[in-house]
Amino acid sequence: MSSLKILAQEELLEVVIQRASKYSRPYLAMYSSWFGGIVKNPACMLIPIDDHMVHRGDGVFEALKCVNGKLYLFDRHMERLLHSARSIKLDLPVTVDELKNIVIETIRVSGAKDAVVRIFVSRGPGGFSADPLETVGPQIYVVVTEPLTPPKEHYEKGVTVRQSKIPMKPSHIAHIKTCNYLHSVMMSMEAHEMKVDFTVSVDEDGCLGEGPTENIAIITSGYEFLVPKFGKVLRGTTVSRAMELAKDLVKIKVLSRIAEECIPLEEVYRAHEVMMFGTTFDVLPVVRFDDKKIGHGQPGPFYKKLLKLIREDMEKNPSVSIPVF
Ligand SMILES: Cc1ncc(COP(=O)(O)O)c(C=O)c1O
């Protein structure tokens with residue numbers, strides 16, 4: 001006789017509700033096309049086990065920020081979501097305008113002016129094989145959570161980085177923001193083991209890649225703002241915007257040029273400044289890379305300038321305002 005309990009439907013609902021736990025408190029609202037609406041209880045933010053996004057990582061996603069009731073770089077995130085979906089032949093089950101309304105409505109229901117919004121497009125439920133044709137069709141899940149605030153000292157004292165030992169993602173995968181992030185998971189584990197804040201991938205030619213969920217860029221001794229080639233790494237919305245904003249610094253000759261190219265490790269070690277870029281934290285200064293001090297070993301002036309430009313841009317150029325705020 002089985003020692004495992006077989007739960008009746010009513011018992012199951014009770015268990016699900018009790019499962020709401022401290023860690024899920026920052027989860028504010030979730031839209032699910034599968035449920036056909038929005039739920040606010042974190043315990044009910046569930047995905048069917050047979051959704052191929054769960055058992056095969058067959059889906060794509062975006063994470064964007066809502067700052068003071070306004071979505072930052074919404075169009076750019078939508079463009080990347082569509083690019084990712086197209087790359088794995090996944091059709092969105094709604095139009096971009098409908099998705100925009102779903103996002104706005106979910107944020108409105110969450111009641112948060114400042115939040116992180118994650119949009120998932122999954123292959124959908126139906127069967128457990130790798131064959132995408134066996135599903136009933138793509139689904140949309142939108143989750144609104146409280147913003148993640150990185151520790152203050154990361155901005156004030158800088159972060160440490162080491163070269164990753166995990167082979168870099170192949171280019172045909174790296175440009176897609178898929179729901180299979182095992183590379184990033186392994187890099188995050190590696191960072192804990194190496195006792196650094198991030199590890200950064202390096203390709204077989206010795207060119208710099210990216211962090212688990214962030215881009216990296218350098219300011220060379222010749223005042224060039226260099227970023228690893230997009231395609232080999234994810235086209236980050238934050239670093240792309242920083243490259244556009246930094247054009248003014250080229251005009252006034254504070255920077256000599258801005259380019260995407262192979263950055264050998266030696267160039268990183270002798271860089272004036274090294275920075276990480278990503279949606280949740282914007283820009284962070286790297287003060288040590290592989291035990292080598294970067295610049296003066298302190299957050300540098302270009303980091304401060306670029307962080308200021310991004311933060312000002314957030315105020316001046318939000319792409320979508322949430323009507324209720
Ligand atoms: C692998 C990877 N690289 C870079 C980034 C940075 O992109 P963004 O600036 O759009 O957050 C992310 C963000 O999620 C990522 O997952």
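Which residues are buried in helix 4? They are L99, V103, I104, T106, I107 and S110, and the views below start from the whole chain before coming back to them. This is a predicted model, in which local features need pLDDT of at least 70, side-chain atom pairs count only at pLDDT 80 or more, and totals for chains, interfaces and linings use all residues. Residues are numbered from 1 along each chain as its sequence is written.

**View 1. The whole protein has 11 helices and 15 strands.** Helices (H or I, at least four residues) and strands (E, at least two) are DSSP runs, numbered from the N terminus. The radius of gyration, taken over C-alpha atoms, is 21 Å, close to the 20 Å of the globule rule (2.2 Å times the number of residues to the power 0.38), so the protein is as compact as a globular protein of 325 residues. Along the principal axes, the C-alpha trace spans about 70 × 50 × 35 Å.

**View 2. Helix 4 has a buried side and an exposed one.** A residue is buried if 20 or more other C-beta atoms, placed from the backbone, lie within 10 Å of its own, exposed if 12 or fewer, and partly exposed in between. The buried residues of helix 4 cover an arc of only 165° around the axis, taken from the directions from the helix axis to the C-beta atoms, which puts them on the same side. An α-helix has 3.6 residues a turn, so residues three or four places apart point the same way. On the other side of helix 4, look for D97, E98 and N101, which are exposed. Strand 1 (27-32) and strand 3 (59-67) are among the elements that cover the buried residues. Just after helix 4 comes G111, with a positive phi near 75°.

**View 3. The ligand has 14 residues around it.** A residue is near the ligand if its C-beta atom, placed from the backbone, lies within 6 Å of it. The closest are L234, G236, T237, T238 and T279. Helix 8 (237-245) and strand 12 (273-278) each give two or more residues to this shell, and helix 8 has the largest share, with three.

**View 4. A271 sits in the loop between helix 10 (265-269) and strand 12.** This alanine is buried, with 23 other C-beta atoms within 10 Å. Not counting residues up to four places away in sequence, A271 touches I218, I219, T220 and I294, where contact means C-beta atoms, placed from the backbone, within 7 Å.

Conventions:
Two residues are in contact if their C-beta atoms, placed from the backbone, lie within 7 Å.
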